[in-house]
Amino acid sequence: MKREFAVIGLGRFGGSICRELSAEGMDVLAIDLQEDKVNEFRNIAAHAVIADTTDENVLKELGIRNIDHVIVAIGDDIQASILTTLMLKELGIKKITVKAQNDYHEKVLNKIGADHVVHPERDMGKRIAHSIISTNILDHLELSDDHSIVEVKAGEKMHGKTLIDLDIRAQYGCNVVAIKEADEKGINVSPMATQHIEKDDILIVIGADKDISRFEKQLVVEDD
């Protein structure tokens, strides 16, 4: 079942996340107060609307309660960020990720119940987008414009299978360069093809972005 996201605030940070989630095939509702920013995302996101998210009635009209995960990426207006987060909590949103402007802002967001607080100066939009698609995607590092290395946690789809069974290189064009077993402190570099993968093992995978995306969708992201 396709996950649904809302991105509130379409500046550089929110726009980056909106683009990446949309590129990964996610259903994204893009929201901003400024018409020019919304227009920019009309052909990128599934839906793009002009709205004031500090108004609870507006949020209800948007059907925000049906969204799985809301990312609050409001720019410099800390008050609007906090009020929006409060409204979302009151409406019972399952997961809320919020961009913090500074450490004080982060403390307030944590106190009012934000599930995940990020600092755009420390975290890149692409990296965060991958991590919120699935909790099993632990890290994402760009090596070039079209190649990356990812750290993923094995779930039920990989549990009990060997690298031969999964045939990741042939099926997805990616290479598993290392495995850290769930109950081990060390890391196994260049694992044997016959090695069994258990749930919660950590795999380090390298490949082209398009291949990694297919690998993540088929083997990493768990069905709800």
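This text walks through a predicted model, beginning with a sheet and moving on to a helix beside it, an aromatic pair and some salt bridges.

Five strands make up an open sheet, and reading across it their order is 7-8-13-10-11, with antiparallel pairing. The edges are taken by strand 7, which covers 137-142, and by strand 11, which covers 188-189, and each of these pairs on one side only. Helix 9, formed by residues 209-220, packs on this sheet and touches strand 7, strand 8 (147-153) and strand 13, while its direction makes about 145° with that of strand 13.

One can follow the sheet from the edge at strand 7. Strand 7 and strand 8 form a hairpin, with four residues between them, and the two strands run antiparallel and are joined by five bridges. Within this pairing, His-140 stands opposite Val-150 of strand 8. On its other side, strand 8 is joined to strand 13 by seven bridges, again in the antiparallel sense, and here Val-150 stands opposite Val-205 in strand 13. Further along the order, strand 13 (residues 202-208) pairs with strand 10 (residues 175-180) over five bridges, also antiparallel, and in that pairing Ala-178 stands opposite Ile-204.

Strand 8 also shows how the two faces of the sheet differ in cover. In a regular strand, side chains alternate between the two faces of the sheet. In strand 8 the covered face holds Ser-148, Val-150 and Val-152, whereas the uncovered face holds His-147, Ile-149, Glu-151 and Lys-153.

Helix 9 takes part in the aromatic contact of the model, where the count comes to one aromatic pair. The rings of Tyr-172 and Phe-215 have centres 6.0 Å apart and planes at 65°, so the pair is edge-to-face. Tyr-172 belongs to helix 8 (residues 168-172) and Phe-215 to helix 9, so that the pair links distant parts of the chain, 43 residues apart. Both partners count as buried, because the relative accessible area of Tyr-172 is 11% and that of Phe-215 is 0%.

Side chains of opposite charge can pair when their charged atoms come close, and the model has six salt bridges. One of these lies in helix 9, where the side chains of Arg-214 and Asp-211 meet at 3.4 Å, N to O. These two residues are separated by about one helical turn, because they are three residues apart in helix 9. Arg-214 is partly exposed at 39% relative accessible area, whereas Asp-211 is buried at 12%. Through salt bridges that share partners, Lys-210, Asp-211 and Arg-214 are joined into one network.

Other salt bridges link parts of the chain that are distant in sequence. Arg-19 forms one with Glu-40, and their closest N and O atoms are 2.7 Å apart. This pair connects helix 1 (residues 12-23), which holds Arg-19, with helix 2 (residues 35-40), which holds Glu-40, across 21 residues. Arg-19 is partly exposed, with a relative accessible area of 37%, and Glu-40 is likewise partly exposed, at 44%.

A further salt bridge joins the side chains of Asp-68 and Lys-94 at 3.6 Å, N to O. Asp-68 lies in the loop between helix 3 (56-61) and strand 4 (69-72), and Lys-94 in the loop between helix 4 (78-90) and strand 5 (95-99), so the pair ties together parts that are 26 residues apart in sequence. Here Asp-68 counts as buried at 19% relative accessibility, whereas Lys-94 counts as exposed at 64%.

Terms used:
Residues numbered from 1 in each chain as written. Predicted model: local features only at pLDDT ≥ 70, side-chain atom pairs only at ≥ 80, totals over all residues. Heavy atoms only, no water. Pairing = 2+ DSSP bridges. Contact = heavy atoms within 4.5 Å. Axes fitted to C-alpha atoms, helices over the stretch in contact; angles between N-to-C directions. Phe/Tyr/Trp six-rings, centres within 6.5 Å; stacked < 30°, edge-to-face > 60°. Buried < 20%, exposed > 50% of the residue type's maximum accessible area, 1.4 Å probe, protein only. Salt bridge = Lys/Arg side-chain N within 4 Å of Asp/Glu carboxyl O.
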